[in-house]
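Good morning, everyone. I would like to walk you slowly through one structure today, so please have the sequence and the picture in front of you.

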Amino acid sequence: MAATTEAFTLKSETPRRKRRDLIPWMFVAPCIIIILLVTIFPTVYSLGLSLTKWEIGLQERPFIGLGNYIELFSTARFWHALLITLLVVVIGVSIEFLLGFGLAQTLSGQMKGKRIVVAALLLPVMVMPVVVGYTWRLLWDAQYGPINQIIGWIIGQPFTYTWLAKTETALLAILVTEIWQWTPFMFLVFLSGLAVLDPEIFEAADIDGASGWAKLWYITLPLMRPIIVVALLIRGLDALKFFDIIFTLTGGGPGNSTETLSFYIYQMGYQFFRLGYGAAASFVLLVFLAMFLTYLLKAFKSAVGS
Amino acid sequence: MCHAIVLGPSAIPMSQDQVSICMVGFASAMMRGELMGLRTRKLLASSIRYVIAVVALAFFLFPIVWIILTAFKTPSEFLKSPPVWIPRTPSSIYFEHVVQTGGLRALSNTLIISTSTTLLALLIGSLAAYALARYRVGGDNLPFFILSQRFMPPVAVIFPFLLFFKALRWMDTHQALILIYLTFNLPYAVWMMRGFFMEIPREIEESALVDGCSPLGAFWRIALPLVSPGLVATGVFCFIFSWAEFFFAVAITKSQAVTLSVYIVNFFGKMMVQWGEIGATSIVSMVPLFILSFLVQRYLVRGLTLGAVK
């Protein structure tokens, strides 16, 4: 009896099971199709575009191989944009990390009104980057901005420095703006990271007479390492695409001195209609991103498991 | 304990011997229950914390307060050097002007595009996420492949999109932006929802399947209601991303489908900057996101770190 039932189920299960195995794939299918259609296909198309001379006024789009890339690598403006992008990523994100970590370390533990403080500190993250750019443009304004006004109060005489008209200070302004918007992100992430650390470890360290710095260096940082890595990589990857704030804060200026790679590519496409050349530049950005991304995915695998 | 004393209000340089004498004294003071030193130290530490909190709040809130105040100033107030901080005769004139110059259309465009993208991303994304979490479709690599799409730089796909949309006559339309925003929200939604599905026990679904419920039914009627808080949180984040997006919006839209982020740029003229209108539009763009972020406070860290920190 048992044997016959088993045989029966086996026979009828095979085609049914096959259908069953297909169902999960059908669940994923719409998602995969959209990703292939809307992300992968354009990317491949863009790669093809980068190998052609696609310019306004040209009747033909001749295949020129690596011509666009060769031109790109011999253009000082491209290298400058790459440099600015990496400066924002490295300096901006490092300072965000240090400030965010310091702030989280200071405000962790019990405190009156902490919930409100944390919620308020987080608001910059929720402001549109375009709005952030305009707001800081007004703040830095030589005549109408409160920053010069406050400096004027401190030094005791009117101060009208044109921050955004000089390359060095325009870059400084960009960094301050980026740091203003994203330090709260780091702060929030580290605050919740610190909250789950086991207090017993610190008590044990206290008994052993460890100093505050020793506890930070030998306990907090190693335990927080996975979270720190993930936070840095997420921020770094997004900062590589830095565009909105440049658009509204400096417009890439003065001259082209604060252009990021994204802004440069946008200009190539929209001002000069050089789609092939712009696509080539976007592939260089993609390569940089892919390098970071491999680390991010590894960090994710160790942080969340799979 | 040493540094505790040095940190104290009456910090004076001490030799090694003095420090150890001090420590003994401190320890015996503690044993005798004389906690004055400790109490002042604690008081000092907590007041330092409050000072830092206040300084941080001032720095991070000042720009937001400034742009809000600007929306209520007269031109003679924000175009005064040095600037006037508090508007003397606040009025809603810039908001009226924003409404008259197509601000409502930009707002409704933003709402339509963000809402549609969010709903589509949630629907398609959670279905895929369910299969990834429960049936382990594609093993370990497929989820990570989908996640990696979230980081695609917009500039890498923009030129093909321009050409396609021109050919389809989709430039400056809602559907163009909805489709593009799906690119970024779908990977995010899949990844987040996969995390939420993996956290709920599978026994209920299994017994439902045994009782003859279809896999789709188990997903829709059992699993999805169980992860509804996660679904809402993920949806809010998708909404926020679409709402604030600028790069694609400025590249694809011109007049009909402009979103708030593109609309605001109109007020920044080469000759004259309409700061009042910029302030008013900024407020309109900020308030919904502030409210939404308060609603998902509990999931903020998780949402912002793509589930890596819970």
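**Chain A, then the contact, then one helix**

Let me begin with chain A, whose secondary structure comes to 12 helices and zero strands. Please keep in mind throughout that this is a predicted model. If you read chain A along its sequence, you meet the pattern α-α-α-α-α-α-α-α-α-α-α-α.

What radius of gyration does chain A have, set beside a compact globule of 306 residues? Such a globule would come near 19 Å, whereas chain A has 26 Å, and its C-alpha atoms fill a box of roughly 100 × 80 × 30 Å along the principal axes. Of the 306 residues in chain A, 42% are buried. Looking at contacts in chain A between residues at least 6 apart in sequence, we find that 70% join residues at least 24 apart.

Now to the place where the two chains meet, a contact that takes 80 residues from chain A and 75 residues from chain B. On the side of chain B that touches chain A, several helices each supply at least two residues, among them α3, α6 and α9, and α3(B) gives the most, with 12 residues. The residues of that side of chain B divide into 58 nonpolar, 14 polar and three charged.

Finally, consider α9 of chain B, residues 174-199, which has 26 residues and reaches 36 Å from its first C-alpha to its last, close to the 38 Å expected. There is nevertheless a kink of about 35° at B:T183, shortly before the proline B:P187. Is α9(B) mostly covered or mostly exposed? It is mostly covered, with 22 of its 26 residues buried.

Definitions and conventions
Residues are numbered from 1 along each chain as its sequence is written. Chains are lettered from A and ligands numbered from 1 in the order in which they are written. This is a predicted model: local features need pLDDT of at least 70, side-chain atom pairs count only at pLDDT 80 or more; totals for chains, interfaces and linings use all residues. Helices (H or I, at least four residues) and strands (E, at least two) are DSSP runs, numbered from the N terminus. The expected span of a helix is 1.5 Å times one less than its number of residues. The bend at a residue is the angle between axes fitted to the seven residues ending there and the seven starting there. A residue is buried if 20 or more other C-beta atoms lie within 10 Å of its own, exposed if 12 or fewer, and partly exposed in between; C-beta atoms are placed from the backbone. Two residues are in contact if their C-beta atoms, placed from the backbone, lie within 7 Å. Ala, Val, Leu, Ile, Met, Phe, Trp, Tyr, Cys and Pro count as nonpolar, Asp, Glu, Lys and Arg as charged, and the others, Gly among them, as polar. The radius of gyration is taken over C-alpha atoms; the globule rule is 2.2 Å times the number of residues to the power 0.38.
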